[in-house]
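The following exchange asks why certain descriptive terms apply to a structure. Each reply sets a value against the criterion for the term and then concludes.

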Amino acid sequence: MSLQPAASTSQTATTSQDACYISLLGLAEYFRTSQPPQIKKCIQCLQALFTFNPPSKVEARTHLQMGQILMTYTNNIDMAREHLETAWRLSEPLLNFDDVKFDTAYMLADLYKQTDQVPLAKAMLRKAIELSQNNVYWHCKLLLQLAQLHANDKEYTLASELLAVGAESAEESSATYLKVLFLLSRAMILMIERKTNDVLALLNSAGAIIDNSISNPHQKEYLKVFFLVLQVCYYLALGQVKTVKPSLKQLQMSIQTIMAPNWPADEVIFGQNPMDMFVWLPKEQLYVLVYLVTVSHSMMAGYMDKAQKYTEKALTQIEKLKSQDDKPILSVFKVILLEHIVMCRLVMGNRELAIREIAICRDVCMSSGPKGQLMRRHSAQLHCLVGLYSMSTSFFEHAERQFLRCVTETSERDLKLFANLNLAIIFLRTKRDQDLKQILDAVSTENTHTYSSQALMGGFYYVQGLHAFHKGSYHEAKRFLRETLKMANAEDLNRLTSCSLVLLSHVFLSIGNSKESMNMVTPAMQLASKIPDIHVQLWGSAILKDLHRMSKDVLHEKEAYANHVKYSENLIADQLRCVQSPHHALIDWLDGPPNTTLAITAGASQQMTPSTSTLPAAAAAATTPMQHTSMTVQKLPTAAATSPAIQYATSSNIVSQPHQSSHMQSVIVPSAHPIPSTSSQIPQNFHNIQQAVGPQLQTQQFGQYY
């Protein structure tokens, strides 16, 4: 730290005092950087500075450094708060002292957030933003932090307004790169709010600036990745799997460019100009994110093998990054990917693996984030996952309770819709006609004219078609299913297509039109084998067996029957493994945090005993194949910024669809790199990870503490 000597009658005394300050600061830094750090001695050196009655600026800076050290290396939040509040009180009225003043405000607001005093954090930031009008770097950094807090509290309008102010401030300062970050962050807020037209306008505006006004090629590539992630999520939110392909391909090419060995380090790209010291995500995390949106696309398109492959690669990359620096965003990514892999397992008939991975997902949620924040944010999705598993194993009462809990806990419209569609299937299978009518009427009223996703609305029409089929209203069933097929074919929603075809085949079989039935079931089976979806294959093989019997084609009848028995036996064997698994007890979880894996394992001796009542409908289908006509709708969350996705399949039958926006609910806005400290200061080693779902904002710190 370089201190200016105060005017004094004794120049020698002042110089001596300055030397003491500098010596103590140097000694404190020595103890902090020792291996291992000697934090107690570091704090003692800083504390000793106060005995010299230092000037206000030196005192304020030292209190800030004490707060930083205590927050980074200790659990003494109260003492850290005391030092930071003192630093703020001393620095607020001082002119030309922006680095200490606003760094203090930034850290103090974060401390308030950590201790659940968000109103205090917001008030602090608003005051600091008002004072920082003439310092664009800090003004923008504080605007981003306050926008993040409002987004975390779902105050999206306020967050959007702050980001708009940030974009204007950046434009006035000719900080084009920073302006684009504000625009893209605001687009993400609008995606959460489902303001699709406004999102498109902002993305178009940001895209034009990226193409025409960003001269630094490395910054341009990072902005392209941010832009393309949002564009992919935008199209997936609309269920437009085919439309999104060119954008996804561009995104994959961009991330390969950024991950190339000759690409400069992030600190080289963003560590030069203060107005460029803002980044959305470092490239290693962007790499995982691109895998994640690719998984979402694969699942929506109905390619389970691809989704599994990319999920496994992404999880491997996450573990590698966690071993280096276990940042909270990595746990968020892991949870989202686990939710996807669970869907793959259910679709492919590996339900025992699915419940095991739900348990892992639960463990990650419970062990990540202060005070269980990740569990609180994902509780509704976990209940939905357990409900889907319960449905696939024919525990319908448990599934109903899980979906009702999901609806109660979430405020996300699409997740509520999905849970309600699942409930409709349960009511259909358990012949609760009045409950079924009520829920379908409610879904129709709330969503038909407001929800724009082709994928999810196609699923809604499918459920209506299934209901009409069970009522024997075959003409009505064909009308709904043709609407579903029109939506599915337009955007290559293969699972939705295969399910609709197999049900249409069953409809034609029921009215005696064997030719049309064969025309429907053949492509359904082809698609199901590509996915692969054991439930559509089970259902289709039963239909094929009856069709071949009607045409007296004994050879093909035997082949279809053998396939049907094979699929049935696989599902029955998997069902037995499910009910013997200690994780199966999760179907009883409703209130509070679920038991950890260890607790469940310890109680495994009390697990449920397999019985004929727990066998899937597939067992009965082996002898009475044409009774196997039901469908389970499934949904799981993706990233918000990860993207929505939908896949439909039959089950003993399973329809699956990942949900997106609940993962986006903590907004993603970039945050700034702290201004580099002078060599005599103690640099902050405090990474302000702004918890978000999907991609997330974080303060990156280059050099020693990056």
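Q: Where does Asp574 lie, and why is Asp574 called buried or exposed?
A: In this predicted model, Asp574 is part of helix 27 (residues 554-580). Its relative accessible area is 3%. Buried means under 20%, so Asp574 is classed as buried.

Q: Which residues does Asp574 touch, not counting residues up to four places away in sequence?
A: Asp574 touches Gly349, Asn350, Arg351 and Glu352. Contact requires heavy atoms within 4.5 Å.

Q: What makes the pairing of Arg61 and Asp99 a salt bridge?
A: The N to O distance between the two side chains is 3.4 Å. The criterion is a side-chain nitrogen of Lys or Arg within 4 Å of a carboxyl oxygen of Asp or Glu, so Arg61 and Asp99 qualify. Arg61 belongs to helix 3 (residues 56-73) and Asp99 to helix 5 (residues 98-114), so their pairing ties together parts that are 38 residues apart in sequence.

Q: Why are Arg61 and Asp99 placed in their accessibility classes?
A: Arg61 has a relative accessible area of 12%, whereas Asp99 has 33%. Because buried means under 20% and partly exposed runs from there up to 50%, Arg61 is buried and Asp99 is partly exposed.

Q: How do you know that Lys179 and Glu171 meet in a salt bridge?
A: Their side chains are 3.2 Å apart, N to O. The limit is 4 Å, so the pair of Lys179 and Glu171 meets the criterion. Lys179, at 17% relative accessibility, counts as buried, while Glu171, at 49%, counts as partly exposed.

Q: What makes Glu476 and Lys471 a salt bridge?
A: The N to O distance here is 3.8 Å, and since the limit is 4 Å, the pair of Glu476 and Lys471 is accepted. Glu476 is partly exposed at 25%, and Lys471 is partly exposed at 49%.

Q: How many salt bridges does a search of the whole structure find, and which residues are linked in a network of salt bridges?
A: The search finds 28 salt bridges. Lys122, Asp153 and Glu155 are linked in a network of such bridges.

Q: Why is helix 7 described as roughly parallel or antiparallel to helix 8?
A: Helix 7 (residues 136-152) and helix 8 (residues 156-172) have axes that come within 8 Å and cross at roughly 165 degrees. Angles over 145 degrees count as roughly antiparallel, so helix 7 is roughly antiparallel to helix 8. The crossing of helix 7 and helix 8 is left-handed. By class, the contact of helix 7 with helix 8 has 13 nonpolar, 4 polar and no charged residues.

Q: What makes helix 22 roughly parallel or antiparallel to helix 24?
A: Helix 22 (residues 454-471) packs against helix 24 (residues 494-510) at about 20 degrees, with axes 11 Å apart. Angles under 35 degrees count as roughly parallel, so helix 22 is roughly parallel to helix 24. The crossing of helix 22 and helix 24 is left-handed. The residues of this contact include Ala455 and Phe469 of helix 22, and Leu496 and Ser510 of helix 24. They divide into 8 nonpolar, 6 polar and no charged.

Q: Which peptide bond is cis, with omega near -15 degrees, and which has omega of about -5 degrees?
A: The bond from Ile531 to Pro532 is cis with omega near -15 degrees, and a cis bond with omega of about -5 degrees joins Gln35 and Pro36. Pro532 lies in the loop between helix 25 (514-530) and helix 26 (534-550). Pro36 lies in the loop between helix 1 (11-33) and helix 2 (39-49).

Q: Why is Lys552 called buried or exposed?
A: Lys552 has a relative accessibility of 71%. Exposed means over 50%, so Lys552 counts as exposed. Lys552 lies in the loop between helix 26 and helix 27 and has a positive phi of about 60 degrees although it is not a glycine.

Q: What makes Arg194 partly exposed?
A: The relative accessible area of Arg194 is 26%. Partly exposed lies between 20% and 50%, so the term applies to Arg194. Arg194 is found in the loop between helix 9 (176-192) and helix 10 (196-213), and has a positive phi of about 65 degrees although it is not a glycine.

Technical notes:
Residues are numbered from 1 along each chain as its sequence is written. This is a predicted model: local features need pLDDT of at least 70, side-chain atom pairs count only at pLDDT 80 or more; totals for chains, interfaces and linings use all residues. Side-chain values use heavy atoms; hydrogens and water are left out. Helices (H or I, at least four residues) and strands (E, at least two) are DSSP runs, numbered from the N terminus. Buried means under 20% relative accessible area, exposed over 50%, partly exposed in between (1.4 Å probe, protein chains only). Axes are lines fitted to C-alpha atoms, for helices over the stretch in contact, and angles run from 0 to 180 degrees between N-to-C directions. Angles under 35 degrees count as roughly parallel, over 145 as roughly antiparallel, 65 to 115 as roughly perpendicular and the rest as oblique. A crossing is left-handed if the near helix is turned anticlockwise from the far one by less than a right angle, and right-handed if clockwise. Ala, Val, Leu, Ile, Met, Phe, Trp, Tyr, Cys and Pro count as nonpolar, Asp, Glu, Lys and Arg as charged, and the others, Gly among them, as polar.
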